[in-house]
Amino acid sequence: GNVTLTDDPSVTQLKEINGYTTGSITLQSDDGALSGSAADLVLAFADTVTQHTGTVTITDAPNVAQLVTINAETDGAITLGDTTGALSGSAANLVLAFAGTVTEHTGTVTITDAPNVAQLKAINAATTGAITLDDATGALSGSAADLVSAFAGTVTQHTGTVAITTT
């Protein structure tokens, strides 16, 4: 059945409630702060839970899939308790992981496919860690300013073609 929560649940409570129902969970107060491990937050947001708008603190280093899930379930700011965790995934998933307001990441990032300029720019803006391109041969095309932003920081050598669309 469906469940309506009239107060702010903790991550532990929301995770437990979610484990006992297959129905939707409505948070009448959707702006309460949540804090817990990435795995617990993913379980807390499993199934159908009202979109959360409060702050979220991830107390450990999430993986890309966990950060994507958590980011999709909240509109609030996400604080990484451990900003140094290594992240690895497709460019599209890394962009989703860093969508919204996420504390700046400082760990390494491995992009497992060939990103486009917009993806590389977004990922680079979200981390100060070194970025490794597993596929450095992908063609890139964009404005000079976007390409500069895409390659800002520490990015492994790109060996594919680059087309600059502005002077």
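In the predicted model, strand 3 is joined to strand 4 (residues 56–58) by three bridges, and the two run parallel. Within this pairing, Leu34 is placed opposite Val56 of strand 4. Both strands belong to an open sheet of three strands with the order 3-4-5 and parallel pairing. Its edges are formed by strand 3 (34–36) and strand 5 (78–80); each has a single partner strand, so one side of each remains without a neighbour in the sheet. From one strand to the next, the twist averages 15°. Helix 3 (residues 64–73) lies across strand 4 and strand 5, and its direction runs at about 155° to strand 5.

A further open sheet is made of three strands in the order 6-7-8, again with parallel pairing. Here strand 6 (87–89) and strand 8 (131–133) occupy the edges, and because each has a single partner strand, one side of each is left without a neighbour in the sheet. Neighbouring strands are turned against each other by 15° on average, direction ignored. Strand 6 pairs with strand 7 (residues 109–111) in the parallel sense over three bridges, and Ser88 has Thr110 in strand 7 as its bridge partner. Helix 5 packs on this sheet, where it touches strand 7 and strand 8, and its direction makes about 155° with that of strand 8. In general, the strands of a sheet pair through backbone hydrogen bonds, in either a parallel or an antiparallel arrangement.

Contacts of helix 4 were examined at Val95, which lies in that helix (residues 91–97). With neighbours within four places in sequence left aside, Val95 is in contact with Gln119, Ala122 and Ile123. The C-alpha atoms of Val95 and Gln119 are separated by 6.3 Å, although the two residues are 24 residues apart along the chain. Val95 has a relative accessible area of 29% and is therefore partly exposed, as the range for this class lies between 20% and 50%.

Electrostatic pairing was considered next. Side chains of opposite charge can pair when their charged atoms come close. A search of the whole structure yields two salt bridges. One of them links Asp40 with Lys15, with 2.8 Å between the closest N and O atoms. Asp40 is located in helix 2 (residues 38–44) and Lys15 in helix 1 (residues 11–20), so that the pair ties together parts 25 residues apart in sequence. Asp40 is partly exposed, at a relative accessible area of 26%, and Lys15 also counts as partly exposed, with 29% relative accessibility.

The side chains of Lys121 and Asp146 likewise meet in a salt bridge, with an N to O distance of 2.6 Å. Lys121 belongs to helix 5 (residues 117–126), whereas Asp146 belongs to helix 6 (residues 144–150); the pair therefore ties together parts that are 25 residues apart in sequence. Lys121 counts as partly exposed at 33% relative accessibility, and Asp146 is assigned to the partly exposed class at 27%. Helix 5 thus carries Lys121 of this salt bridge and also packs on the sheet by touching strand 7 and strand 8.

Notes:
Residues are numbered from 1 along each chain as its sequence is written. This is a predicted model: local features need pLDDT of at least 70, side-chain atom pairs count only at pLDDT 80 or more; totals for chains, interfaces and linings use all residues. Side-chain values use heavy atoms; hydrogens and water are left out. A salt bridge is a side-chain nitrogen of Lys or Arg within 4 Å of a carboxyl oxygen of Asp or Glu. Helices (H or I, at least four residues) and strands (E, at least two) are DSSP runs, numbered from the N terminus. Buried means under 20% relative accessible area, exposed over 50%, partly exposed in between (1.4 Å probe, protein chains only). Contact means heavy atoms within 4.5 Å. Two strands pair if DSSP finds at least two bridges between them. Axes are lines fitted to C-alpha atoms, for helices over the stretch in contact, and angles run from 0 to 180 degrees between N-to-C directions.
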